[in-house]
Amino acid sequence: MATDQQSVDLVEGDVVRSFARAALLAVLIGASAPVAIPIGPAPITLQVLFVFLAGLVLGPLWGSFSMVLYLAAGAVGVPVFAGMETGFGVLVGETGGYLWSYPIAAGLIGLFVHRGTDLRDPAEQPLILVVIALLAGLVVIYGIGVSYMAQVLRLDLWEALLVGMIPFIPGDLLKLAAAIAIVKSGRLNVAN
Amino acid sequence: MLTYEPDDTLAHRLDPRAKLAVQIGFATTALAHTTIPALAVLSLLTAGILYSTRVHLIRTLVAFRFALAILVIAPLIAALTLGPTWIDWADGQASLQASYRVVLILLVSAAYVRSTPIRHSRAAIQRTIPGKPGQLLGIGIALVFRFLPVIQRDITTIRDAMAARLGTERSALERASTLGIRSLARAFERADRLSLALQARCFAWNPTLPPLAFSRRDWGVLVFALALGLTAVL
Amino acid sequence: MIEFRSVSYAFGDVPVLEDLSLEIGDGEFVLLAGANGSGKTTLLRHCNGLLEPDSGTVVVDGTPVADNVVAARSSVGMVFQHPRDQFVAATVGADVAFGPENLGLECDEIDRRVENALEAVNLAGRKAERIDALSGGEQSRVAIAGALAMEPSHLVLDEPFTGLDDPARRSVLERLESLSAAGTGVVLATHDLRDVFSLADRVVAMQAGQVVVDDAPTRALADLESLAIRIPETTRERC
Amino acid sequence: MIEFRSVSYAFGDVPVLEDLSLEIGDGEFVLLAGANGSGKTTLLRHCNGLLEPDSGTVVVDGTPVADNVVAARSSVGMVFQHPRDQFVAATVGADVAFGPENLGLECDEIDRRVENALEAVNLAGRKAERIDALSGGEQSRVAIAGALAMEPSHLVLDEPFTGLDDPARRSVLERLESLSAAGTGVVLATHDLRDVFSLADRVVAMQAGQVVVDDAPTRALADLESLAIRIPETTRERC
Ligand SMILES: Nc1ncnc2c1ncn2[C@@H]1O[C@H](COP(=O)(O)OP(=O)(O)OP(=O)(O)O)[C@@H](O)[C@H]1O
Ligand SMILES: Nc1ncnc2c1ncn2[C@@H]1O[C@H](COP(=O)(O)OP(=O)(O)OP(=O)(O)O)[C@@H](O)[C@H]1O
Ligand SMILES: O=C(O)CCCC[C@@H]1SC[C@@H]2NC(=O)N[C@@H]21
Ligand SMILES: [Mg+2]
Ligand SMILES: [Mg+2]
């Protein structure tokens, strides 16, 4: 028994805490899945809001881990994708590009805002920096999402932009504002 | 809703890794071919997989109703052309065939979902992805599955709590932001308590993994999956 | 007055309330007892329209809840079973003020109510604290204060005493007693009948979604015991 | 044996435990009482290193917790107030197995421990059931089984009875009683001392982060009353 215990390699306390938060954020984005308004090959969803928050609140490392976890859970049968869909097929389906872009976007936003892997309070970062970071994230999401969709559905680039980006811009900018309002509200206990 | 259902089909007895390989093989080749003969072969294969896993076709199509919209919309968009003639049927047809294969891929993944409990997927991930990331991803999936209904209920409860004290009298924006912030704060509270519970139970990097056996049959399926994937270059 | 007229309710296809009728008069102090899962919470959530009956009607002060939900919610204040479920704000003061703000009251009046409610739960002067830094029992008390601050004509409390220490429990009870004496109806669902038993005008016990006991406390004793509902020792001995 | 040696702890600059010393022997059944915010939860979280003292040491079975956290966590099983927050898996068996898996035990041994733990809480044979479908009392017992599967020498429970009806409460208590009889130490923080008072070997009461009473139940009575900690009626009359 004593030798057993020697070999147990405990996960460090701060890692467990970040991990649990990343997992619950993945749950939250999954819980938002029923809110999906079909308007074309990709529905309007709240997902982008949580991608923003993942980068802002959890930072580059845990933010993108959280999104990878979301994709993995969806791939193996937890109904977390838009419209409560699930399965590996969704990841290679027409909206797969958006999904794969989430970890990258969250990581990028985290890097911009926290400037490294040590977390800072996003509420105290310059607003302009936060806005640029979120816009950059959005560009990544559209870039990967639209080009993959064009590929899979055999659409021209402008056709893909027409159905895969333009209709979402106003809503996604609202989500951007909401994400900033949430972290600035000071009502989240983001301190470590 | 698409979900795991206990049963005794061949797929239920297979190792999740073998099943994952089939999905990847199938997707690889489907994404490479859109000719009508290729789609016919892929359809037959899909039908076989669905039949042997006892996937209910109609129910599954309903579960994927969002994705199915592409079958109509994408070809229409593709067929539209700027300038004279306005409609290019050939473009539309190419897109229709491209959309159809996506539906086949979705159906094949439905067979995995119906035949694989989350804990098997979790074990497969922990065994396949080495080191700490694999470990966290595996446990993480179990947690997402466990907490999804919990958080869904929390969100309803917060809405009720606001309503009970006449939060309904506030503006839509204010209500949405209170609900959003509170849901997030609540999820983080749960995360903090969960992290204590995990630690109290010795959450470790090197646990005993749930048993999973890769049998002869699984090797056979794996070879089949590889072969399927290789047809992508045909 | 809160009236349930042949109310039935099912979660999906699991019936939870079955053809239930009940009247709770103004200023009455009613205890609601019953095993886990007997339907207490489900019943209470009908009083202010958080749940709507599948059949039957719930009437508050003469108006069906469905016809005027806002009226029902301003006359029926509710304390949820799990205090954490009830918070809408980050600090004690902001949370307690949430209800009064929605009533459109003046700032002074809101402040008065917040102070007054916090006093009743022994938390005077702790307005500025973050709720998530409070101990479990302190959180329960904030939840109670949130409902008190609405100053409703009926107060519905779903197991408000969980985790409360004895002085807090007594203080809340005293407040309930004086509210009830001043005309506020009180409905209290609890598994722990100590002290409240002697305060109550009536005991209503539920079993499998139906009211099986509805009587004055002393007369309900034998029936309660047969339902495995625990009555306070002192009560039993006294009778 | 769990020993607190002059332990102090503060949340930020709010002192919560102040120079606290306490010993809990093997196989002892100890009640932990005290007002809301007196520091019970904070104290308990030191037993297995979830919190680390600012000064002083906590020693479990002769080894300071900080020196061997794994040993402390496997000899002190901990059950928190809200079972729903501590389950890591969707089914009973998978959840109870989580602890033993982390200890790196063989599969057979894990199975044996899961069976034993479930048997100890009277849930044998229900491994495959979904946790969400269980009643509140059953969920509390699954949480206890999760801690027992580590084969701890002490079981620490922080208000495990909240929201349980009387039969469920009794079923949890019966399990604690038989565990204690079988040699597991039990530390139980609760505001509701009914029934447990007669089971306990010792009562420890806290006030503002310090131990102010530490005595056998019958002898502690007067002190407890002076702390406004409520003791069960029957006990008072018997003495
Ligand atoms: N959201 C829900 N979905 C499905 N069933 C539910 C839901 N809420 C409650 N139930 C079921 O309805 C029944 C009554 O539940 P309710 O919460 O009203 O009981 P209760 O008397 O308040 O119990 P407790 O003493 O445990 O609080 C239970 O069997 C419960 O399982
Ligand atoms: N996370 C925290 N941050 C700041 N202060 C805290 C935190 N947790 C607890 N406290 C404070 O520490 C004190 C002791 O809290 P603790 O939870 O140990 O009390 P308790 O005895 O368990 O009370 P209860 O009976 O209400 O559960 C309280 O005054 C509380 O406000
Ligand atoms: O199938 C999925 O789950 C992915 C849906 C992707 C929706 C994209 S994300 C960016 C854009 N903004 C929206 O609101 N919806 C699309
Ligand atoms: Mg209830
Ligand atoms: Mg406590």
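**Interfaces of chain B and strand pairing in chains C and D**

Chain B is divided into domain 1 (1-117 + 212-234) and domain 2 (130-209), the bounds being those of an automatic or database domain assignment. The centres of domain 1 of chain B and domain 2 of chain B, taken over C-alpha atoms, are separated by 33 Å. The model is predicted, and for that reason local features need pLDDT of at least 70 and side-chain atom pairs count only at pLDDT 80 or more, whereas totals for chains, interfaces and linings use all residues. Residues are numbered from 1 along each chain as its sequence is written, chains are lettered from A and ligands numbered from 1 in the order in which they are written, and side-chain values use heavy atoms, with hydrogens and water left out.

The interface of chain B with chain A was examined in terms of contacts, buried area and polar pairs. In this interface, 69 residues of chain B are in contact with 67 residues of chain A, contact meaning heavy atoms within 4.5 Å. The area buried between chain B and chain A is about 5,700 Å², and carbon and sulfur atoms give 77% of it; buried area is here the accessible area (1.4 Å probe) that two parts lose on being put together, summed over both. Two salt bridges are counted between chain B and chain A, a salt bridge being a side-chain nitrogen of Lys or Arg within 4 Å of a carboxyl oxygen of Asp or Glu. A:Arg17 forms a salt bridge with B:Asp192, in which the closest N and O atoms are 3.5 Å apart. Between chain B and chain A there are also 12 residue pairs in polar contact, both residues being at pLDDT 80 or more. A polar contact is a pair of N or O atoms within 3.5 Å; within protein, one must be able to donate a hydrogen and the other to accept it, and residues adjacent in sequence count only if both atoms are side-chain atoms. On the side of chain B that touches chain A, two or more residues are given by each of helix H2 (16-32), helix H5 (65-79), helix H6 (89-115), helix H7 (118-128), helix H8 (131-164) and helix H9 (172-200) of chain B. Helices (H or I, at least four residues) and strands (E, at least two) are DSSP runs, numbered from the N terminus. By class, this side of chain B has 50 nonpolar, 13 polar and six charged residues, where Ala, Val, Leu, Ile, Met, Phe, Trp, Tyr, Cys and Pro count as nonpolar, Asp, Glu, Lys and Arg as charged, and the others, Gly among them, as polar.

The contact between chain B and chain D takes 27 residues from chain B and 31 residues from chain D. Chain B and chain D bury about 2,500 Å² between them, with 54% of it on carbon and sulfur atoms. Of the area that chain B buries against chain D, 32% is supplied by B:Arg146, B:Arg201 and B:Thr208, more than by any other three residues. Five salt bridges are found across the interface of chain B and chain D; in the salt bridge of B:Arg190 with D:Asp85, the closest N and O atoms are 2.2 Å apart. The count of residue pairs in polar contact between chain B and chain D, both at pLDDT 80 or more, is 12. H8 and H9 of chain B are the elements that give two or more residues to the side of chain B that touches chain D, and the largest share of that side, nine residues, comes from H8(B). The residues of this side divide into 18 nonpolar, three polar and six charged.

Chain D contains an open sheet of four strands in the order E2-E1-E4-E5, with antiparallel pairing, two strands being taken to pair if DSSP finds at least two bridges between them. The edge strands are strand E2 (14-24) and strand E5 (63-64) of chain D, each of which pairs on one side only. Strand E1 (residues 2-11) and strand E4 (residues 55-60) of chain D pair in the antiparallel sense over five bridges; in E4(D), the bridge partner of D:Glu3 is D:Val59, and that of D:Ile2 is D:Val60. Two bridges join E4(D) to E5(D), which run antiparallel, and D:Val60 stands opposite D:Thr63 in E5(D). The hairpin of E4(D) and E5(D) has two residues between the strands, and D:Asp61 takes a positive phi near 50°.

In chain C, strand E1 (residues 2-11) and strand E4 (residues 55-60) run antiparallel and are joined by five bridges, with C:Thr57 in E4(C) as the bridge partner of C:Arg5.
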